[in-house]
Amino acid sequence: MSEFSSTELIEMERKCGAHNYHPLEVVISKAEGIWVEDPEGKRYIDMLSAYSAVNQGHRHPAIVKALKDQADMLTLTSRAFFNDQWPVFARKLADFTGKEMVLPMNTGAEAVETAIKAMRKWGYSVEGVARDKAEIIVFEENFHGRTTTIVSFSTDPLASEGYGPFTPGFKVVPFNDLEAVKAAINENTVGILVEPIQGEAGVNIPDDGYVKGLFEIARANNILLAVDEIQTGFGRTGKMFCYQYDQIEPDIIIMGKALGGGIFPVSAIAAHHDIMQVFTPGTHGSTFGGNPLACAVASASLDVLVDEKLAEKSFELGQYFIAELKSIESEKIKLVRGKGLLIGLVLEETAGKARKYTTALKDNGILCKETHDWIIRFAPPLVITKKEIDSALEVIRIVLD
């Protein structure tokens, strides 16, 4: 247990930490599976999963064991030398994604930056786009990370205001509008970067076939399709990757969050050799990317997803959870949308902002988070049971009524 109380810890953070987050007033000091606990011993059901980084549940024993075993052997070499974990994990992740090659990084934003660099360099070296003229099509309400380049094409003023001048080379079009994508393509277009579901925008789900339409547009124009599966991947939406609903093979798969099993930051992109060959020694890298500790953890994280059939479980329980939320008769609810266990409950504006409901849920033992003022996002660890969902639904019904 912590030597400090929840109140003391919250005040300590407010005094000593930058205020770039607005967390709910709960301190988590212990966790296991879907359950977290504060310093006073109160337990909560985690319905956020660290923004889908804890799909396998908190402190999954197999992943913790992989971490401990590897920490006793080797943690970091940098890529100045070979190590015995990265090659094995590289082959495993390549097979897992159906791609020939992978490139490891640490955070989701780094993986997105890597995909951007890959698309640009491919455009110049393979497609012959004029130097420094490459354009990538992105979408309104996107969220791909917080780096200077990424916020340059954000349409959220909170993410971008005060951080200019911005990086050029991005064309922003409306989400879920294939005609807008077609109209945006020109001789400098090298790729399309998309989230198959916009998580931070409030679980914004496009029409059926939209991602397939993007794939067909990319093929017709000989440009690349990069799918950001950082939040939607690894079983979260009821498939191992959300793009699989459209039965396509994107050129670049961007991964992060649950790749590290909620234990360690691990990210990567996967693509075939014709794209990855644009990277040569010295052109891109990371001191910690592909470190042995991360590789051991990520390898175990993939095994848990497969062995415990968490994507299939997410599909089944997600259908149940969504149906039960839709059955709640409340004038406060505008609509419920989701795939698998990535669910957004949109409130009527007359209900007031979502923050008061997430606070009330917290007070009653359910941890989730509001997004865009009017939306409550539910995304529990995929190891949750139907009985535990029913317990959460009881609390949700009471709070909304």
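**Exercise 1. Is Gln-247 buried or exposed, and where in the chain is it found?**

Keep in mind that you're working with a predicted model.

Step 1. Find the place: Gln-247 sits in the loop between strand 8 and strand 9.

Step 2. Check the accessibility. A residue counts as exposed when its relative accessible area is over 50%. Gln-247 comes out at 72%, so it is exposed.

Step 3. Look at the backbone. Gln-247 isn't a glycine, yet it has a positive phi of about 55 degrees.

**Exercise 2. Now try Ser-52: work out whether it is buried or exposed, and what its phi is.**

Step 1. Ser-52 belongs to helix 2, which covers residues 49-52.

Step 2. Its phi is positive too, at about 75 degrees, although Ser-52 is not a glycine.

Step 3. For burial, the cut-off is under 20%. Ser-52 has just 1% relative accessibility, so it counts as buried.

**Exercise 3. Describe the surroundings of strand 8.**

Step 1. Start with burial. Strand 8 runs over residues 224-228, and 5 of its 5 residues are buried.

Step 2. Sort the side chains by face. In a regular strand, side chains alternate between the two faces of the sheet. Here, Leu-224, Ala-226 and Asp-228 are on one side, with Leu-225 and Val-227 on the other. Both faces of strand 8 are covered.

Step 3. Look for neighbours. Strand 7 (residues 189-194) pairs with strand 8 in the parallel sense, over 4 bridges. If you want a spot to zoom in on, take Val-194, whose bridge partner is Val-227. Strand 9 (residues 252-255) also pairs with strand 8 in the parallel sense, this time over 3 bridges. There, Ala-226 stands opposite Ile-252.

Step 4. Trace the connection. Strand 7, helix 9 (residues 210-221) and strand 8 together make a right-handed β-α-β unit.

**Exercise 4. Find the order of the open sheet of 4 strands and name its edge strands.**

Step 1. Reading across the sheet, the order is 1-2-3-13, and the pairing is mixed.

Step 2. Strand 1 (30-32) and strand 13 (366-367) are the edges, as each pairs on one side only.

Step 3. Take one pair as an example. Strand 1 and strand 2 (residues 35-37) are antiparallel, with 3 bridges. Ala-31 stands opposite Val-36 in this pair.

**Exercise 5. Compare the linings of the largest cavity and the second largest pocket.**

Step 1. Rolling a probe the size of a water molecule over the atoms shows where empty space is left. The structure holds 1 cavity of 30 Å³ or more, and the largest cavity has a volume of about 40 Å³.

Step 2. Its lining includes Asn-142, Phe-143 and His-144. Split by type, that lining has 4 nonpolar, 4 polar and no charged residues.

Step 3. Turn to the second largest pocket, with a volume of about 540 Å³. Of its 21 lining residues, the closest to the centre are Arg-79, Val-102, Leu-103, Pro-104 and Phe-279. Strand 4 gives the most to this lining, with 5 residues.

Step 4. The pocket lining divides into 11 nonpolar, 7 polar and 3 charged residues.

**Exercise 6. Find the cis peptide bond and place its proline.**

Step 1. The bond from Gly-164 to Pro-165 is cis, with omega near 5 degrees.

Step 2. Pro-165 lies in the loop between helix 7 (157-160) and strand 6 (170-173).

Conventions:
Residues numbered from 1 in each chain as written. Predicted model: local features only at pLDDT ≥ 70, side-chain atom pairs only at ≥ 80, totals over all residues. Heavy atoms only, no water. Buried < 20%, exposed > 50% of the residue type's maximum accessible area, 1.4 Å probe, protein only. Helix = DSSP H or I, 4+ residues; strand = E, 2+ residues; numbered from the N terminus. Pairing = 2+ DSSP bridges. Right-handed = clockwise from strand over helix to strand, strands pointing away. 1 Å grid on protein atoms, 1.4 Å probe; cavity = no way out; pocket = protein on both sides within 12 Å on 5 of 7 lines; lining within 4 Å. Points joined across faces, edges and corners; volume = space filled by probe spheres on them. Nonpolar A, V, L, I, M, F, W, Y, C, P; charged D, E, K, R; others polar.
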